[in-house]
Amino acid sequence: ILKGMVISTKMKRTIIIRRNYLHYIKKFNRFEKRHSNMAAHCSPCFEPKEGDIVTVGQCRPLSKTVRFNVLKVEKNQIFGNPRKVFMLF
């Protein structure tokens with residue numbers, strides 16, 4: 001079960017979520033920001049908007065890229081472009 005921010009809802013019943021995380025660099029004793037995008041199937045009963053926080057769970061492969069299913073949607077107030085906001089969940 002993973003959490004991420006919705007960045008695209010352009011496909012039919014599929015959304016793209018962005019998972020932000022920090023990666024430690026031992027040499028410089030600091031963290032760097034990283035992210036990964038993943039596709040998730042979204043049932044018609046959910047209506048997520050860009051910037052919402054969603055909880056997804058793993059399921060059988062539904063297509064070439066879709067391996068997750070939306071379980072819960074939390075409304076979020078993100079002003080501006082949700083791709084530019086770095087939030088840890």
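Q: Why is R13 called partly exposed?
A: In this predicted model, where local features need pLDDT of at least 70, side-chain atom pairs count only at pLDDT 80 or more, and totals for chains, interfaces and linings use all residues, R13 has a relative accessible area of 48%. Buried means under 20%, exposed over 50%, and partly exposed in between (1.4 Å probe, protein chains only), so R13 counts as partly exposed. Residues are numbered from 1 along each chain as its sequence is written, and side-chain values use heavy atoms, with hydrogens and water left out.

Q: What makes N29 exposed?
A: The relative accessible area of N29 is 56%, and because exposed means over 50%, N29 is called exposed. N29 sits in the loop between β2 and β3, and its phi is positive, about 55 degrees, although N29 is not a glycine.

Q: Why does L22 count as partly exposed or buried?
A: L22 has 40% relative accessibility, and therefore counts as partly exposed. L22 belongs to strand β2, residues 14–25, where strands are DSSP runs of E with at least two residues, numbered from the N terminus.

Q: How do you know that β2 pairs with β3?
A: Two strands pair if DSSP finds at least two bridges between them, and twelve bridges join β2 to β3 (residues 30–41), so these antiparallel strands meet the definition. L22 stands opposite K33 in β3.

Q: How many bridges join β1 to β2?
A: Four bridges join strand β1 (residues 2–11) to β2, and the two run antiparallel; S8 stands opposite I16 in β2.
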